Amino acid sequence: MDIGVISILLFGSMFLLLASGLPVAFVLGGLATVFAAIFWGPESLFIIVARTYSMMSTTTLVAAPLFVLMATVLERSGVAEDLFEMMYRWSGGVKGGLAVGTVFACTLIAAMSGIASTGVVVMGVMALPAMLKRGYDKRIATGCILAGGVLGPLIPPSIALVLYGTIAQVSIGGLFAGGMSAGILCSLLIIGYILIKCYLNPELGPPIPLEERSDWGAKVASLKGVILPLLLITAVLGSIYSGIATPTEAAAVGAFGAFVCSAIHRRLNWELLKSVAYTTIKVQGFMMWILFAAQAFAAVYMGLGASRMVIRLVETYEIGWWTMLIAIQVVWFLLGLVIDAWSILMITLPILLPILPLYGFDPLWLGVLYAVNTQTGYLTPPFGTMLFMMKGIAPKEVTMNDIYRSIVPFVVTQLVCLALCIIFPKVVTWLPDLLFK
């Protein structure tokens, strides 16, 4: 059967099953098993087992559960409370200052955790009620938390970039450096939008009253809240950038540092250990099932001729450099509406890798573009998991409609960041070039 027809059947079945509400891992793994059995016979199912075993033996992936453990411990350690206190004291007197401070806190949390949920949950619980109490517009308040929270998969230590580097055989340290540049740019764009919006309409984000503002002594004292986060970030990223440690070793350092932070805040006890262990196992198990299923799906699709089809299309229709790049970004964005970023990576990257040399795409640059692009998937329905997470922790007066409408301008800022990274590749590559060349 022609690979074009197979592609329509395979992806048509995938979208239909996803729309029915089945879990992503079962959909991808089930389709891989069925299509392999139909086209190659039952003995071909060994391919799925072999690819799964190959992924399980990839030592770099050991970093993923360690980063999840680090994020989970930090979520319960009290570090975020200190960050929020510092942000409240320093930025509360500015129009939109609490929202700006929340994005800043989310950026630091992203640099400590590497996943989206930590910043959204912690700031959603602490910062959202504080902003609403002081008259902030519901959309600005929820939108800034969501936009800041989803910087986690972009700013290192990003698990998504660890997976990309493992599959594409790209320096994870270089990806982390490029992700740091793009993440800071995205954070600044979000902050810039909030400041401009609240300057033009102060009612959206009024400054806190004069009598509630802190004096300089209290502001300086609150800076102790950033000492532990900065030390932890330096320990994790500094050890990678300096070449002292591999990403896996740095993840172990980060996990240990998170426990130290918890001990300093007097939160380290048996209940915390048990809780973070269960959460880490749950998250990691969920992630690995998706990765195994997506890897099997990609292996079967590639074996049926996907790469040859793509290369043939490129050569036949002489698809230009810009056309191909934009097509890749559009496909990633559309897939982000229905499946998670990890599945997108596992499905599309094996197809894209053979054509990268044809166009001269820098795989490091493309990896950061992937992270910038797919982070919007956490905010866009129907898959947008962070939207539903926000609804679960937000006060009752914040409706689902408020949450949906709040993310529109912030998704635009993320797309602007993506456009800047595409038009000016040095935005991504200058720091990796500085550190690793």
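Q: What makes the largest pocket a pocket, and what is its volume?
A: In this predicted model, the largest pocket has a volume of about 680 Å³. A pocket is an open set of grid points with protein on both sides, whereas a cavity is a set from which a 1.4 Å probe cannot get out.

Q: Which residues lie nearest the centre of the largest pocket?
A: They are S117, V283, F286, W342 and M386, out of 28 lining residues. Lining status needs an atom within 4 Å of a point.

Q: Which helix gives the largest share of the lining of the largest pocket?
A: α14 does, with 6 residues. Helices that each supply at least two residues include α4, α7, α9 (159-168), α17 (341-352) and α20 (385-393).

Q: How do the lining residues of the largest pocket divide by class?
A: There are 18 nonpolar, 6 polar and 4 charged residues. Gly counts as polar in this scheme, and Tyr and Cys as nonpolar.

Q: What is the volume of the second largest pocket, and which residues lie nearest its centre?
A: The space is about 560 Å³. Its lining has 21 residues, and M309, V310, V331, I351 and L352 lie nearest the centre.

Q: Which elements supply the lining of the second largest pocket?
A: α1 (3-19), α15 (306-317), α16 (321-336) and α17 each supply at least two residues. The largest share, 7 residues, comes from α16. By class, the lining has 20 nonpolar residues, 1 polar and no charged ones.

Q: How many cavities of 30 Å³ or more does the structure hold?
A: The structure holds 2. The largest has a volume of about 50 Å³. The second largest holds about 40 Å³ of space.

Q: What lines the largest cavity?
A: The lining is L74, V79, A80, I109, M112, S113, T118 and V122. Elements that give two or more of these residues are α5 (79-91), α6 (97-113) and α7 (116-133). α6 gives the largest share, 3 residues. The classes are 6 nonpolar, 2 polar and no charged.

Q: What lines the second largest cavity, and how do those residues divide by class?
A: G336, I339, D340, A341, I344, T374, G377, Y378 and F383 line the second largest cavity. They divide into 5 nonpolar, 3 polar and 1 charged. Asp counts as charged, and D340 is in this lining.

Q: How do you know that the length of α14 agrees with its number of residues?
A: Helix α14 has 34 residues, 270-303. The expected span is 1.5 Å times one less than the number of residues, so α14 should span 50 Å. Its end C-alpha atoms are 49 Å apart, which agrees.

Q: What is found at the start of α14, and what follows the helix?
A: At the start, a side-chain oxygen of N269 reaches to within 3.2 Å of the backbone nitrogen of E271. The cut-off for a polar contact is 3.5 Å. After α14 comes G305, with a positive phi near 115 degrees.

Q: Why is T72 called buried?
A: The relative accessibility of T72 is 3%. Buried means under 20%, so T72 counts as buried. T72 is placed in helix α4 (residues 63-75).

Q: What lies 2.7 Å from a polar atom of the T72 side chain?
A: The backbone oxygen of V68 does. A polar contact needs a pair of N or O atoms within 3.5 Å.

Q: Why is G254 called buried, and where is G254 found?
A: G254 has a relative accessible area of 0%. The limit is under 20%, so G254 is buried. This glycine is found in helix α13 (residues 247-264). G254 and L210 are 44 residues apart in sequence and 39 Å apart in space, C-alpha to C-alpha.

Q: How many disulfides does a search of the whole structure find?
A: The search finds 0. A disulfide needs a pair of cysteine sulfur atoms within 2.5 Å.

Q: Why is C144 not in a disulfide?
A: The closest cysteine sulfur, in C106, is 7.1 Å from the sulfur of C144, so the pair is too far for a bond. C144 counts as buried, at 0% relative accessibility.

Q: Why is C417 not bonded to C421?
A: The sulfur of C417 is 4.2 Å from that of C421, its closest cysteine sulfur, which is too far for a bond. The cut-off is 2.5 Å. C417 is also buried, with a relative accessible area of 0%.

How values were computed: Residues numbered from 1 in each chain as written. Predicted model: local features only at pLDDT ≥ 70, side-chain atom pairs only at ≥ 80, totals over all residues. Heavy atoms only, no water. Buried < 20%, exposed > 50% of the residue type's maximum accessible area, 1.4 Å probe, protein only. Helix = DSSP H or I, 4+ residues; strand = E, 2+ residues; numbered from the N terminus. Polar contact = N/O pair within 3.5 Å; in protein donor to acceptor, adjacent residues only side chain to side chain. 1 Å grid on protein atoms, 1.4 Å probe; cavity = no way out; pocket = protein on both sides within 12 Å on 5 of 7 lines; lining within 4 Å. Points joined across faces, edges and corners; volume = space filled by probe spheres on them.
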